[in-house]
Amino acid sequence: MSELKQAAAPEQALVVGRITSVYGVKGWVKLYSHTDPMQGIFDYKHWWLKTPSGWKTVELSQGRLQGRGLVASVKGYNDRDQVKDICGMDIYIDAAELPELEEGDYYWSQLEGLRVITKEGILLGKVSQLMETGANDVLVVRACEGSFDREERLIPYAPGTYVLNIDLEQQEMVVDWDPEF
């Protein structure tokens, strides 16, 4: 891991992708990106990697679309044996680097972990993740201590229809949803 630089953890660590495998013989890697569009991962030149010995940083040298996926070159890595050390690692950025959104828009990472409460005040659980479907995104709401009886619910993320209010400060989301459903 010669090119990994010891670093303090990012203030607000946010996973934006993963280094999946080596690509070619010159030290390039294949990436999986959580950004939308997927090439958005290349907007962040400094990546944090969480290694067994602590946080390390690497610097993106080049990145491009390759077929239906992404490939990248990391500064200081020039052959496939070197990059094997970082394959399988998640790529983190500091969430403070994310662009500001317009009022009423949210990053998925901001919604994950919010308590979900019906407009009648019944706690349904917490947002564990969001899923992309063809029509609209879907909230996966998992039961938590004190929540209504169901293990998991799928609620369409439809602001104004099912999602009535999001309060990041209070860490809660109010929904128009039948607890029995």
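The pockets and nonpolar cores of a predicted model are described here. Residues are numbered from 1 along each chain as its sequence is written, and side-chain values use heavy atoms, without hydrogens or water. Local features need pLDDT of at least 70 and side-chain atom pairs count only at pLDDT 80 or more, whereas totals for chains, interfaces and linings use all residues.

The largest nonpolar core (buried Ala, Val, Leu, Ile, Met, Phe, Trp, Tyr and Cys residues joined through side-chain atoms within 4.5 Å; buried means under 20% relative accessible area with a 1.4 Å probe, protein chains only) has 25 residues. Those with the most contacts inside this core are Leu31, Ile41, Trp47, Leu49, Ile86 and Ile91. Its largest share, four residues, comes from β2. Another core, of 15 residues, lies apart from it and includes Val116, Leu124, Val127 and Val141.

The largest pocket (an open set of points on a 1 Å grid over the protein atoms alone, with protein on both sides within 12 Å along at least five of seven lines; lining residues have an atom within 4 Å of a point) holds about 730 Å³ of space (the volume filled by probe spheres set on the points, which are joined across faces, edges and corners). Among its 21 lining residues, His34, Thr35, Asp36, Tyr107 and Trp108 are the closest to the centre. β2 (13–23), β3 (28–33) and α2 (108–111) each supply at least two lining residues, and β2 gives the most, with three.

The second largest pocket has about 310 Å³ of space. Of the 15 residues that line this pocket, Glu100, Leu101, Asp105, Tyr107 and Gln110 lie nearest its centre.

Terms used
On a 1 Å grid over the protein atoms alone, a cavity is a set of points where a 1.4 Å probe fits but cannot get out, and a pocket is an open set with protein on both sides within 12 Å along at least five of seven lines; lining residues have an atom within 4 Å of a point. Buried means under 20% relative accessible area, exposed over 50%, partly exposed in between (1.4 Å probe, protein chains only).
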